[in-house]
Amino acid sequence: MLHTMNRSVRRAVIGAIGLVLAAVALGVSGAAPPLWTGRTENAAATEPLKTFPLFARYATGGKLRAYEPNGTGGLKAAFDLGAGFGDATAIAAANISEGGRGNDLYHRMNNNLFYTAEHSNDTKLIGGGWDIYDRIFTVGNMGGTADVDLAARDASGNLWLYQGKPDGTLAARIRIGTGWGGLTLLGRGDFTGDGKADILARSTDGTLAVYPGTGTATADAVVGARRVIGTGWQAYKTLASAGDTDGDGKADLIAADTAGALWLFKGTGNAAAPFAPRVQIGTSGWAAFDVLF
């Protein structure tokens, strides 16, 4: 199970975004307090997390919520993490700190990318110039190292891999490939059951496909050939992976439809059919969120 977020955590999160913005304006890095303050459960765990909270940001007001899995495929009641997250032009969750057991965040403010480890005392400036990307997301460990990686797509449709380091900083980018423009992209899971992190991509016509990871950080060979999963996925407003949501050891997919219902597609571990038929885990209200991650 994951840690429980108490009132002090929520207060820390509410204040963090405003202080990051102030730090950027003043040209100061590492000035903000942490977005997370500590886990109260599983402190003695030694394995990297495979199940993560589902984060959801309201399209209006920028309020962020976190939903922890209930252990059977559903979600617990939301933790309100406060407003002000509308100023973040990209947010991605990552389990990097504490040997892969921390619930950490990357977030972009203005042109700058920041990283906050769960137990850190500050928010770290990773670097500037990140406004060249129209999509930034976590992809798990795609490059064969021990740490979680980040992917970013530029305006020309090139997709880049940034291999993560234990302190949250990133190695020089490696091109995953070209022609990724116009796709809804997400990762953070082994969806084919081969032990390697993959990328899911939804086309504008509603076709969902998986690009299986090769496990290597070789330019233009980070993923293999596209495999179509199915069609009709345009019915869903947002897609997200929170890892193994139902606790069966396989990465799952979460989708919010345009009517506001939330669905879980349980992972099968079968590359030919990665997901089981959908199961409803939320009845209404999910269309109000513009980002799930």
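**Close-up views of a predicted model**

**View 1. Strand β8 and its partner β9.** Strand β8 and strand β9 (residues 149-154) run antiparallel and are joined by 6 bridges, here as they appear in a predicted model. Within this pairing, F137 stands opposite A151, the latter being a residue of β9. Strand β8 itself, which spans residues 133-140, is mostly covered, with 6 of its 8 residues buried.

**View 2. The open sheet from β16 to β19.** Four strands, in the order β16-β17-β18-β19, form an open sheet whose pairing is antiparallel. Its edges are formed by β16 (236-240) and by β19 (279-282), each of which pairs on one side only. From one strand to the next, the twist averages 30 degrees.

**View 3. The pairing of β17 with β18.** This view turns to two strands of the open sheet, whose order is β16-β17-β18-β19. Strand β17, made up of residues 253-257, pairs with strand β18, made up of residues 262-265, in the antiparallel sense and over 4 bridges. The residue to follow here is A255, whose bridge partner in β18 is W263.

**View 4. The largest pocket.** The largest pocket of the predicted model has a volume of about 750 Å³. Its lining comprises 33 residues, and those lying nearest the centre of the pocket are L49, K50, N141, G189 and D190. When the lining of this largest pocket is sorted by class, 16 residues are polar, 10 are nonpolar and 7 are charged.

**View 5. The second largest pocket.** The second largest pocket holds about 590 Å³ of space. It is lined by 30 residues, of which R135, I136, L185, V291 and L292 lie nearest its centre. The elements that give two or more residues to this lining are β4 (88-94), β8, β12 (184-186), β16 and β20 (289-292). Of these, β4 provides the largest share of the lining, with 6 residues. By class, the lining of the second largest pocket consists of 15 nonpolar, 9 charged and 6 polar residues.

**View 6. Strands shared between the views.** Two strands shown earlier return at the second largest pocket, since β8 and β16 are both among the elements that give two or more residues to its lining. Strand β8 is the one that 6 bridges join to β9, and 6 of its 8 residues are buried. Strand β16, for its part, is an edge strand of the open sheet and pairs on one side only.

Conventions: Residues numbered from 1 in each chain as written. Predicted model: local features only at pLDDT ≥ 70, side-chain atom pairs only at ≥ 80, totals over all residues. Heavy atoms only, no water. Pairing = 2+ DSSP bridges. Axes fitted to C-alpha atoms, helices over the stretch in contact; angles between N-to-C directions. Buried < 20%, exposed > 50% of the residue type's maximum accessible area, 1.4 Å probe, protein only. 1 Å grid on protein atoms, 1.4 Å probe; cavity = no way out; pocket = protein on both sides within 12 Å on 5 of 7 lines; lining within 4 Å. Points joined across faces, edges and corners; volume = space filled by probe spheres on them. Nonpolar A, V, L, I, M, F, W, Y, C, P; charged D, E, K, R; others polar.
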